Amino acid sequence: MRVVVVGCGYVGLTLAEQLHARGHSVTGVRRSDGGLDAVDAVGPGVEAVRADATDPESLPALPDADAVVFAASSGGKGAEAAREVYVDGLTNVVDEYGSRASPPDRLVYTSSTGVYGDHDGGWVDEETPVEPTTEKTRVLAEAERVATEHAADRGIDGTVVRFAGLYGPERYRLERYVEGPVTAGYLNMVHRDDAAGSIRYLLETDRARDSAVLVVDDEPVDKHAFADWLADACGVPRPEKLSKDERIAAGDLSAAAERRIRTSKRCSNALLRELGYEFAHPTFRSGYRDAVRAYRAANG
């Protein structure tokens, strides 16, 4: 299988590594010298190509493919930057490939569980209506329609994978929880290896065409319980805890930050499990093992 990963960054590099190890042809697409170097570092069999999804004139450089994974990032910036990358950039990539004599068979777009909005701690799954509550998550929901409806118009089957909070090497953020204070709420998480692994699995097994799939581990966890577990594992005192009202009452939050604190849900991975995916890290207890060891080693 020939796979092109557009925006071959945090998840994309691991996906490229997994696909290459299993004998697939992989191209990682980045727009910077540093990004291209990171793709080259994956291995001699992974091709690095310079292109920018937001620049249609650069996209003829993309090689033909059986499947395209759109994993580009807006760099944590606001809604305007998100629209430029996720809606406009994705549309550009779909149009580029859709205009070719041999378009790809599949497109996978990496979205976010943020499109569900607030469910007051209740469970959400693929049948739950998408109800984004911020301008940025409304952009993500619009991009999902590009990945499915617009791609279908171009003869490409689209799959949307909705990632929960990504963690893993360089993104464990232990200090946030062991030092505190920690505000109440739920954490929905997935290790980077499983974020990449789920895409690899769906491509290799040809599953979830024209569908959305939640990519989250087995155990959404209360933030206070997670912080206590992490502190105990690291051998440090348990951190200070705050309720949502206590944190908001401090009065130093932006409107967007306050909205994030008030938003609460638990995400189900039942569909991904039913499709047959086996997690490398079914819960945070496995996923944080290496980080805990490193923390204890560094802090005596």
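1. Let's start with helix 1 and helix 6 of this predicted model. Helix 1 covers residues 10-21 and helix 6 covers residues 192-205; their axes come within 8 Å and cross at roughly 55°. That angle makes helix 1 oblique to helix 6. The crossing of these two helices is right-handed.

2. Which residues bring helix 1 and helix 6 together? On the side of helix 1 they are Tyr 10, Val 11, Thr 14, Leu 15, Gln 18 and Leu 19. Helix 6 answers with Arg 192, Asp 193, Ala 195, Ala 196, Gly 197, Ile 199 and Arg 200. Sorted by class, the residues of this contact are seven nonpolar, three polar and three charged.

3. Next, have a look at the sheet. Seven strands build an open sheet with parallel pairing, and their order is 3-2-1-4-5-7-12. Strand 3 (46-50) and strand 12 (211-215) are the edge strands, each pairing on one side only. On average, and ignoring direction, neighbouring strands of this sheet are turned by 20° against each other. As a general reminder, strands of a sheet pair through backbone hydrogen bonds, in either a parallel or an antiparallel way.

4. At the strand 3 end of that order, you can follow the pairing with strand 2 (residues 25-30). Strand 2 and strand 3 run parallel and are joined by five bridges. If you want a spot to look for, Thr 27 stands opposite Glu 47 of strand 3.

5. Two helices that pack on the sheet are worth finding. Helix 4 (residues 135-153) touches strand 5 and strand 7 (157-163), and its direction makes about 170° with that of strand 5. Helix 6, already met in the crossing with helix 1, packs on the sheet as well. Helix 6 touches strand 1, strand 4, strand 5, strand 7 and strand 12, with a direction at about 160° to that of strand 7.

6. Strand 4 (residues 67-70) deserves a point of its own. Are the side chains of Ala 67, Val 68, Val 69 and Phe 70 buried or exposed? Both faces of the strand are covered: Ala 67 and Val 69 are buried on one side, and Val 68 and Phe 70 are buried on the other.

7. Strand 4 also has a partner on each side in the strand order. Strand 1 (residues 2-6) runs parallel to strand 4, and four bridges join them; there, Val 3 has Ala 67 as its bridge partner. Strand 5 (residues 106-112) likewise pairs with strand 4 in the parallel sense, over four bridges. In that pairing, Val 68 stands opposite Leu 107.

8. A second helix pair is formed by helix 7 (residues 223-234) and helix 12 (residues 289-298). These helices pack at an angle of about 50°, with axes 9 Å apart, and are therefore oblique to each other. Their crossing is right-handed. Leu 230, Asp 232, Ala 233 and Cys 234 of helix 7 make the contact with Val 292, Tyr 295 and Arg 296 of helix 12. By class, this contact has five nonpolar and two charged residues, but no polar ones.

9. Finally, where does Glu 179 sit? You will find Glu 179 in the loop between helix 5 (174-178) and strand 9 (182-183). Its relative accessible area is 57%, so Glu 179 is exposed. Glu 179 lies 172 residues from Gly 7 in sequence, and their C-alpha atoms are 33 Å apart in space.

Terms used. Residues are numbered from 1 along each chain as its sequence is written. This is a predicted model: local features need pLDDT of at least 70, side-chain atom pairs count only at pLDDT 80 or more; totals for chains, interfaces and linings use all residues. Side-chain values use heavy atoms; hydrogens and water are left out. Axes are lines fitted to C-alpha atoms, for helices over the stretch in contact, and angles run from 0 to 180 degrees between N-to-C directions. Angles under 35 degrees count as roughly parallel, over 145 as roughly antiparallel, 65 to 115 as roughly perpendicular and the rest as oblique. A crossing is left-handed if the near helix is turned anticlockwise from the far one by less than a right angle, and right-handed if clockwise. Contact means heavy atoms within 4.5 Å. Ala, Val, Leu, Ile, Met, Phe, Trp, Tyr, Cys and Pro count as nonpolar, Asp, Glu, Lys and Arg as charged, and the others, Gly among them, as polar. Buried means under 20% relative accessible area, exposed over 50%, partly exposed in between (1.4 Å probe, protein chains only). Two strands pair if DSSP finds at least two bridges between them.
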